[in-house]
Amino acid sequence: MDIRITGASQNTLRHIDLTLPGGKLIALMGPSGSGKSTLAYDTLFAESRRRFLDCLSPGARRLLARPEKPRVESIEGLPPALCLEQNQPAGRSRTVLGSLTEALDYLRILYAAIGTPHDPATGEVLTRLSPEEIAARLERLPEGTRLTLLAPLADSFGRDAESDILMLRKLGYLRVRVDGDIRDLDELEAAPPKPGQDCELVVDRIVCRAGVESRLADSVQAALRICADELRALVQEPDAEPQLRRFHTRYRNESTGFTLPDLTPGLFSHFSPHGACPECEGLGTVEGRGGAPALCPACKGMRLNPAALAVTLDFAGRECNLGAFCNLTVEQNRRMLDELTIPAAYRDSLQTACGELRSRLDCLMQLGLGYLSLSRAANTLSGGELQRARLAGQIGGGLSGVLYILDEPTIGLHPRETDMLITALKRLRDKGNTILVVEHDPQLLQAADWLVEMGPGSGADGGRIMAQGTYRQFLENADSPTGAWLAGRKSMAQAEPRDTEACRWATLSHAKARNLKDIEFRFPLGAFTCLSGPGGSGKSTLVHECLLPAFKAGRLAGAQDISRAVVVDQSPLGTSPRSTPATAVGLLDVLRPLYASLPLSRQRGYKPARFSLNVRGGRCERCTGTGMLQVDMNFLADLYTECDACHGARYNRETLEVTWRGKSIAQALAQTVDEALEFFAAIPNAAALLRALHDLGLGYLPLDRSVTTLSGGEAQRIKLAAHLAKANPKRGSKPGEHLLFILDEPSTGLHFAELDLLMRAVFRLRAAGHTILCIEHNQDILSRADWLVELGPAAGENGGAITYAGVPKA
């Protein structure tokens with residue numbers, strides 16, 4: 001069934017009508033801020049979630065904050081929606097790749113069913129007996145052997161002798177063995193056992209001969225109903241002294257007395273108190289020096305307790321506990337799974353668990369995540385890795401009739417990995433689901449069944465449906481801005497490439513961290529170098545764990561003229577809700593002295609700090625400069641409402657009375673970048689910063705927007721804008737200063753037109769004499785590099801080598 005949207009006007013949407021075909025792979029594209037996320041998340045997903053909550057009982061709904069209905073007249077045919085986000089769990093987390101994909105659930109079943117337990121202290125294999133095995137052992141005793149079957153009683157037996165003896169009489173028993181002496185219940189009533197005495201219930205007395213097998217089996221079962229863990233038998237073979245033999249139904253080391261709990265899936269869960277390491281409570285880390293997290297010394301980061309880690313599976317003669325298995329790569333896990341030794345009695349019952357586990361491991365590999373380990377913490381994954389891991393879990397889950405919403409799933413993917421992602425998305429679609437992806441990657445756009453373009457611009461200039469149809473229709477659509485890029489009628493900025501032979505070079509020797517194969521990495525100075533390769537091939541390791549430390553330590557040969565390295569990545573600009581794009585680029589450093597110099601400020605004695613949100617004085621103290629009030633919802637997520645004192649302005653009333661050109665500092669910062677560029681045109685330093693933001697396609701962005709709500713791509717461009725403005729001669733940049741810019745996937749989340757703006761910015765940095773090193777997969781960007789280095793040939797242990805170094809091939 002198609003999804004029919006009528007009159008959507010949430011945020012910047014312009015009362016749009018749209019029909020999305022059901023059961024198809026749909027790509028939603030357009031410039032940043034054009035309304036894509038508003039349509040996908042704030043309208044479709046929000047309405048689906050609201051309808052789900054409406055289906056709950058009134059009692060359940062009272063416990064939940066009721067979401068507002070999106071501003072839309074109607075949405076027909078909307079199925080249940082799942083949003084596969086890129087947001088990471090905050091702080092320390094128990095969530096790992098294996099739990100995201102449910103692979104750990106099936107591994108726990110395998111370890112509980114066929115795991116071999118060991119004594120954690122000695123490593124000895126532990127054994128246990130089933131009731132049938134105990135009966136069979138007793139049946140094999142010589143004929144004429146006298147057996148007294150005993151069930152150990154609890155240490156508390158005899159404290160309330162009258163009640164305990166009455167209970168045994170009701171069960172039909174007559175005798176108890178106390179410290180080796182068999183006594184009738186009548187005797188015990190007169191002289192109850194003392195604390196500390198060993199008490200055993202006499203269950204049956206049998207002479208071994210033909211025909212007693214059924215009685216013996218029944219008596220064994222009866223004894224184990226009294227004490228499930230242990231059965232004792234007083235055995236007197238013909239012409240021999242009686243011997244006490246013990247039979248344990250739990251795993252036990254007879255020499256040390258160590259007993260292992262029953263093997264259940266819960267024992268192998270670091271989310272459960274039964275399985276989690278008691279030292280780190282399943283987190284794998286403990287608080288180290290200065291509060292920094294450190295590897296747990298008890299579990300060595302494996303998150304499980306010693307009992308769980310003492311259970312192994314047999315992989316063709318290789319014994320491996322769950323922690324060690326999960327520390328291997330997914331590719332290694334998949335190979336080992338084919339070598340798993342499964343006892344014949346369990347093959348049929350474990351067939352489903354093994355099949356589900358294989359499916360999830362295969363899917364992770366198809367999505368280019370085979371280099372990761374199942375123990376990898378979710379909060380250490382990149383946004384793209386996290387989203388693909390969630391996708392792998394959904395593909396294995398078997399749901400149908402669902403609307404899946406994904407944001408830029410191709411982030412960080414090599415072209416051949418994008419092909420595998422497309423295959424996985426089509427598998428999910430073919431199960432009867434509708435897939436909606438916010439995406440700009442040409443490979444995925446070409447593979448989509450239906451394309452929707454929003455625009456034409458950002459913010460107030462966006463919110464419209466520009467075009468929709470098949471990929472071929474877009475190529476022929478003269479009214480589609482994206483179609484012009486896809487068809488080649490528009491292309492990204494070109495610049496004369498640097499002659500790398502005339503450049504000086506920087507050289508990093510013997511790079512061998514993680515999977516790097518002791519490589520030598522060279523790149524030209526004053527040029528634009530791109531580093532590409534499959535995910536997990538070692539790109540980030542090379543740059544962040546080898547190159548940057550070597551540069552800081554003065555061990556990067558040929559880099560003596562580089563004054564400093566600037567990392568421009570997609571990490572958040574800050575965690576404080578007081579941080580905004582204006583503070584991130586340094587605009588407030590310009591505006592605070594401006595407002596402090598105004599007549600009213602001088603009359604009142606206001607200093608620049610008066611206009612800071614981080615110190616007392618000028619900010620609103622009701623909300624401490626955030627503009628929002630936090631409402632504690634107890635066990636639910638906190639709720640945020642507009643501050644009732646400043647009404648979101650962040651500053652107090654006296655500070656807001658100071659105006660420049662009719663606007664207070666709060667009103668000035670409430671403008672978008674483009675509006676502020678015109679407003680502050682007469683202030684050169686402010687205009688330079690705003691121009692840099694505008695040139696990177698961020699003109700739609702409000703200057704007072706909290707940085708905690710920015711996408712990774714927006715955060716990265718804001719960082720780049722700050723340095724572009726500093727490189728402007730009009731701002732007095734240091735003459736001759738040579739910077740090394742490290743860009744990490746700068747194309748993420750960018751439309752073709754925004755990629756063009758990005759390349760123009762890169763060329764300006766290069767023209768200013770700086771060196772740019774860019775980790776990237778976008779083919780249009782790679783083709784414009786002065787020097788291209790590719791790592792590979794694959795991921796993980798199969799990567800870490802330089803497979804190409806030279807000018808980009810035509």
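1. Helix H12 and the residue after it. Gly368 follows helix H12 and has a positive phi, near 75°. The helix itself covers residues 351-366. In this predicted model, the 16 residues of H12 should span 22 Å at 1.5 Å a residue, and the end C-alpha atoms are indeed 22 Å apart, so the expected and computed lengths agree.

2. Surroundings of H12. The buried residues of H12 are Ala353, Cys354, Leu357, Arg360, Leu361, Cys363 and Leu364. Their cover includes helices H3, H4 and H11, together with helix H13 (383-397) and helix H14 (415-430).

3. Helix H11. This helix, residues 330-337, is largely enclosed by the rest of the structure, because seven of its eight residues are buried. The buried residues are Val330, Glu331, Gln332, Asn333, Arg334, Met336 and Leu337. Among the elements that cover them are helix H3 (97-100), H4, strand S15 (311-315), strand S16 (318-321), H10 and H12. H11 and H12 therefore each appear in the cover of the other's buried residues; the cover of H11 includes H12, and the cover of H12 includes H11.

4. The cavity. Where empty space is left is shown by rolling a probe the size of a water molecule over the atoms. With a threshold of 30 Å³ or more, the count is one cavity. The largest cavity holds about 120 Å³ of space.

5. The lining of the cavity. Which residues lie nearest the centre of the largest cavity? They are Leu104, His270, Met302, Arg303 and Cys326, out of 14 lining residues. By character, the lining divides into eight nonpolar, four polar and two charged residues. Helix H4 (103-114) and helix H10 (322-327) each supply at least two residues of this lining, and H10 gives the most, with four. Both helices also belong to the cover of the buried residues of H11.

6. Helix H18. The 14 residues of this helix, 539-552, should span 20 Å at 1.5 Å a residue; the end C-alpha atoms are 19 Å apart, which agrees. Buried positions in H18 are Lys539, Thr541, Leu542, Val543, Cys546, Leu547, Leu548, Ala550 and Phe551. Gly554 follows H18 and has a positive phi, near 75°.

7. Leu743. Is this residue of strand S29 (residues 739-744) buried or exposed? Leu743 has a relative accessible area of 2%, and a residue counts as buried under 20%, so Leu743 is buried. Beyond residues up to four places away in sequence, Leu743 touches Val568, Gln716, Leu720, Val762, Ile772, Leu773, Cys774 and Ile775. Pro572 is 171 residues from Leu743 along the chain, and the two C-alpha atoms are separated by 15 Å.

8. Pro577. This residue lies in the loop between strand S24 (564-568) and helix H19 (581-584). Its relative accessibility of 39% makes Pro577 partly exposed. Leaving aside neighbours within four places in sequence, Pro577 is in contact with Thr626, Arg650 and Ser706. The C-alpha atoms of Pro577 and Val707 are 6.9 Å apart, although 130 residues separate the two along the chain.

9. Thr285. Strand S13 (residues 285-287) contains Thr285. With a relative accessible area of 23%, Thr285 counts as partly exposed. Between the C-alpha atoms of Thr285 and Arg705, which are 420 residues apart along the chain, the separation is 35 Å.

10. The protein as a whole. The protein has 28 helices and 32 strands. Of its 810 residues, 52% are buried. Taken along the principal axes, the C-alpha atoms fill a box of roughly 110 × 60 × 60 Å. Among contacts between residues at least 6 apart in sequence, 67% join residues at least 24 apart.

11. Confidence. The average pLDDT of the protein is 92, and 96% of the residues score at least 70. Over residues 729-733 the pLDDT stays under 50, and for this stretch the model has eight contacts beyond four places in sequence. Where pLDDT is low, the predicted coordinates should not be read in detail.

Definitions and conventions:
Residues numbered from 1 in each chain as written. Predicted model: local features only at pLDDT ≥ 70, side-chain atom pairs only at ≥ 80, totals over all residues. Heavy atoms only, no water. 1 Å grid on protein atoms, 1.4 Å probe; cavity = no way out; pocket = protein on both sides within 12 Å on 5 of 7 lines; lining within 4 Å. Points joined across faces, edges and corners; volume = space filled by probe spheres on them. Nonpolar A, V, L, I, M, F, W, Y, C, P; charged D, E, K, R; others polar. Expected span 1.5 Å × (residues − 1). Buried < 20%, exposed > 50% of the residue type's maximum accessible area, 1.4 Å probe, protein only. pLDDT = per-residue confidence, 0-100. Contact = heavy atoms within 4.5 Å.
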